[in-house]
Every structure is written in structure tokens, then in C-alpha cells.
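Hi,

Here is the structure I promised to pass on to you. Have a look at it first, and my notes follow below.

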Amino acid sequence: MTSTAIGPTWRRALGWVVLTLLVLITLFPFYWMLRVSLSDNRALAADAGSLLPAGFTLGAFERVLGLASLEEARAQGGSGASIDFWRYLLNSVLTSTLITAGQVLFSSMAAYAFARLRWRGRDAVFFVFLTALMIPPIFTALPNFVLMRDLELLNTYAAVVLPFFFMTPFAVFFMRQFLLGISREVEEAARIDGAGHPRIFFRIVLPMSRAPLTTLALLAYITAWNEYFWPLLVGQGEGVRVLTVALGVFRSQTPQGSPDWAGLMAATLLAALPVITLFVAFGRRIVDSIQFSGIK
Amino acid sequence: MTAAHPARRGDLRVALLFLLPAGFGFVLFYAWPALQTFYLSFTDYSLLAAPNWVGAQNYRAAFGDARFGNALLVTVEYVVINIGVQTAVALLIAVLMHRLTKSSLVRGLLLLPYLIANVVVALVWYNMLDAQLGIVNAVLSWVGVDPVAFFGETSTAIPTIALVNVWRHMGYTALLLFAGLQAIPKSVYEAAAIDGASEWRVFRSVTLPLLRPVLAMVLVLTVIGSFQIFDTVAVTTKGGPVDATRVIYFYIYEKAFQQFDFGYAAALSVVLFVILAGLAVAQLRLLRAGSSDLD
């Protein structure tokens, strides 16, 4: 923005130095995850400060992915505690996908009712939906936990998925903002052709909304992938344990004296990889959505 | 609305149909549990027997609970450090981006930590800040500073966790503020340039006042989020050393899911909710979020 750039060149240069430094601070921990995960635990102890992997090896990834035998794992300074990475990965993928599918569809339907249909009490009901944004998750977590226990759903996929499956206030809000902007003529034309609302919604409105739907799906998926608190409460069991919970358990199982840092960082990096991949593919969309939803 | 379609009595039926799944989820997992928490807060409930009405006893107990007082204090310390540093750094980033670049690559890179799970972020920094093997202590030793057990000492644990989460959120906050900066008309800056105002003067007298409505909203959102710090504590310090990082959220979690004192935990949740609601209202009033100085 040259028009707002007041001041001599050296000031701009200083600005660039500071901004570059902040970007480096942002990126360094990602590099460090990679560096430690490619290191050998014993070499790490002797060489904590080198920028390159200490005693380069893929051993940590082999351990985490279950490709190394127990003896090999122990020899490399692994704790021997099994982390069933593939299982937890599958659980994370499954629950996040289910949550995203349900949340995006049902929230869009609700948003359609709030944005495109005319009915008495609409704005009041929408306001009630929005108040849920203010409720801290722990506030509803206690009764929801009791509900899952009473339904005998603890340690099932259903328990991990259900509270996020039907809606989130944010998703409804996000889609409503978009649907409000669609021209009425599109619907009127379809109406004249005799199409009912379900048909208009599924055949016209949803296909038109491909861009915001993709963005919402991305945000929903990432949020579900990163969720820790709720699955910690209802999904501790091995069978349904998701990656975030598994990482927490892995961390508390590592001995205090000599933690398996390489293994821990390899698992951590692998757990973050899907989000990083989504980010590389759709980064601009995510950035734009934050400018859009954060302010309006 | 009905005037446009005098023949129809609105779309109530079809609206109900569209609202059915989301409404079901809203009632079952948001509205009804929220009411239940209010009810449970007046009971003694250990999950084994039915809740037993005890009146305001849980609230009286909360006022006399020194560890709850400590949890509040620790949380406030966390929020002050976290929000203070985060807002300052985010403002700096936003202003720098506004002046220097519109690059979406820079914006994207700065946003990346916000998309990574709290658990992952906590573990990476747990490694980097390790007392023996952490890179941060290695760097400190090069400049002659003794190793610091960042997570392991009562005096450093909360600032450490607060700064770790500054790292995760600063880019996100900066993007929100950046969007606000872009809404400020260029003519204002041009006028300031003609008057020969200094950089700092422009920031204080032009940027900050005009950014205030956006800044207010951002502060309300980030403060509410900051009060709910849990994941980082649960993964790294688990409330310790001693009670140094036993923040409200973690304390409630322990009461409910480790001691199964659901009634008391519900009462503490209500207190937390009231604090958050009060803070939001107070912030919006103080910062007059609704009005811009531009009007």
C-alpha cells in the first residue's frame, strides 16, 4: 500500500525485518517438530541445540506407525508403550468426517429456513440459536456426559460425534450470512416452474453455494479434528480414541526421566499433517473466510 | 412480510421441516443441557444416585473454596498476559501487513498455527521449552542464561502457557484486525501525511480510534476464549506445579470427572458463565463497540 506508506525507505526495511522475524517465529516450531522426529533419542540428549536432526533416522516414524518390532523400539529409546497410530487415525478421520457431513447439511437447512423462508417468530428463534455461541462448552458438557452415560453410549463413535452432528451456532450463522445474499429472482423463477422449497434448496441453492459450503466443511473438519475436550470425556476407550486424546495419553505415559521425544514429535507431526495438507490445498479460502466471518 | 404474499400464511410448515435436525440438536445438546446445568448446580449429584436438591449450598461452598479462589486468580493472570501480549503483537502484525504487503502467502503462514490442534501446539512447545533438551534453553545458554524449567516452576508456568497460546493465536487475531484496518479510508491517512504527523502519532490518533469497534469485538471474542484455557494445561502441567496452573476450566473438569462432584462442578460452571457474560457486556460498554469515531 504505497499510498499509506509515509516515511523513508529504511523504515519500510525495518518493518520488513520485523514482519519476517514474526513469520519465522510462526514457522520455526513446525520445523522443530520435523527436526526432532527425524532424530535419534540418544543423539538428541547430547546435541540439543543443533539445527539439523541429531543422528538422522526414520526410526521414530517406524515406531509410531508400528513398523518396528518392540526390541527395535526399545533400542531406539522408545518407551515400548504401544501407540496404535493407525487405529487412532482411523477414529479421527471417521468422527471428523461424520461430524462435518451432518453439521454442514443440517446447518445449511436451518440457515435456509432463517434466511429464505418467511414465518412468524423467525428472527426470535434465530436469536435463541445465536445465544448458544455464548455458552462455554463445559457448561453443556456435564449434562451431555450424563446423557451419553444414560444412553450407554460412552466410548462409542456416536458419543464423540453426536453433539456436533446436527448443528453448531457458528455453522448456521455462517451459512445464513451467505444465503441472505442470494437474489430472490432465482427462487421466484423456480417457484413459477412449480418447484417446492425442498427442491429449490437441494437443486438450486445448494449447488449455488458450493464455495461457502466448501469453506464451512473445511472449518468444520479442522475444528472436529482438533477437538480434545469432548472426546477426552466420552471417548477415552482404545477403540474410539481419536488422535488428540491419544497424544495426551502418549505424553503422560512417557517416563519423566527420558521421554521418547523423537517418537512423541513424530506422532505429533503425523497428527497435524492432515490439517497442514488441507491448509496447503485450501489456504486462501480459509484466510478469506476468517476475514469474512470474523467481522460481520 | 405477509404483505408481499397476502395469499400465504408464511412458510411455517416447510420451515419446521428444514429446522428439524438442527433444532433437535440444538434442544438436545445445547438448550436442555444448559438448563440442566442450572438445575444441577442446586443439587448434590455424584452420578451414582439421582440428584439431591441442596439449595444454594454449592454456591456458598464456592465462596469459601480457597482453591476455587486460586483457580480464578490463576486464570485471570493467564488471561491478562495472554490477551495483553497477543493483542499488542497482533496489532503490530496487522499494521505491518497493512503498510507493507497484501500477500496472501504471508497472511496464510501467519494463520497456520491457529489451525493446528491445541494438543499438538502444547506438545511441540513442551519439547522446545524442556529444561534439559529444549532448544530455547540451548539458545539461552549461548547467551549465558541458566536453564529455566518453563513448565516446571510455579512462577513461570502460567506465563509460559500464556505465551504458547499467544503463538497460536497471534496470526489469527492479526488477520481480524487487518480486515478492520482495510476498512479505514485512505483519505484519512493522506490527510495525516499532509499534516506531517509522525508514525506513532498517526497510529495513536488515527488508526487506533478508527479501529476501535473492530478491536472491541476482537477483544470480547479473544477474552472469552482465553478464559476457557484447558487443552494446553491438560496436556502439559495438569494444574501443577502445586496449584500454579489449576485454571478454572481444569478445576471444574477435575471436580466433575475425577471427583464426580457434578453438583459442585455445575455451580462453578454457572459462576464461570456469569463472569464471561458480565465481561462481554462490560467490554462492549467500555469500548463503545457499536459506534465508530468515523461517524
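**Aromatic pairs**

In this predicted model, the count of aromatic pairs over all chains comes to 44. One of them is formed by B:Trp125 and B:Trp167: the ring centres are 5.7 Å apart and the planes stand at 65°, so this pair is edge-to-face. B:Trp125 belongs to helix H5 (residues 118-128) of chain B and B:Trp167 to helix H7 (residues 154-182) of chain B, so the pair ties together parts that lie 42 residues apart in sequence. Both B:Trp125 and B:Trp167 are buried.

That fits with what surrounds B:Trp125 in H5(B), where eleven of the eleven residues are buried. Among them are B:Asn118, B:Tyr126, B:Asn127 and B:Met128.

You may also like to colour one aromatic cluster that includes residues of chains A and B. From chain A come A:Phe145, A:Tyr228 and A:Phe229; from chain B come B:Tyr45, B:Phe230, B:Tyr249, B:Phe250, B:Tyr253, B:Phe257 and B:Phe262.

**Two helices in chain A**

Chain A has 15 helices and zero strands. Of its 296 residues, 52% count as buried. Among the contacts in chain A with a separation of 6 or more, 70% are between residues 24 or more positions apart.

Two of the helices are worth a look together: helix H6 (residues 122-131) of chain A and helix H9 (residues 169-180) of chain A, whose axes come within 8 Å and cross at roughly 135°. H6(A) and H9(A) are therefore oblique to each other, and their crossing is left-handed. On the H6(A) side, A:Phe126, A:Phe129 and A:Leu130 take part, and they meet A:Pro169, A:Val172, A:Phe173 and A:Arg176 in H9(A). Within this meeting of helices, the charged end of A:Arg176 sits over the ring of A:Phe126, 4.0 Å from the ring centre.

**A residue to zoom in on**

Finally, where is B:Ala265? B:Ala265 is found in helix H12 (residues 262-286) of chain B. B:Ala265 has a relative accessible area of 0%, so it counts as buried. What is B:Ala265 in contact with, leaving aside its neighbours within four places in sequence? The contacts are A:Leu142 from chain A, together with B:Ile252, B:Lys255 and B:Ala256 from chain B. B:Leu40 is 225 residues away from B:Ala265 in sequence, yet the two are 8.9 Å apart in space, C-alpha to C-alpha.

Best wishes

Key:
Residues numbered from 1 in each chain as written. Chains lettered and ligands numbered in written order. Predicted model: local features only at pLDDT ≥ 70, side-chain atom pairs only at ≥ 80, totals over all residues. Heavy atoms only, no water. Phe/Tyr/Trp six-rings, centres within 6.5 Å; stacked < 30°, edge-to-face > 60°. Helix = DSSP H or I, 4+ residues; strand = E, 2+ residues; numbered from the N terminus. Buried < 20%, exposed > 50% of the residue type's maximum accessible area, 1.4 Å probe, protein only. Lys NZ or Arg CZ within 6 Å of the ring centre and 35° of its normal. Axes fitted to C-alpha atoms, helices over the stretch in contact; angles between N-to-C directions. Parallel < 35°, antiparallel > 145°, perpendicular 65-115°, else oblique. Left-handed = near helix turned anticlockwise from the far one by under 90°. Contact = heavy atoms within 4.5 Å.
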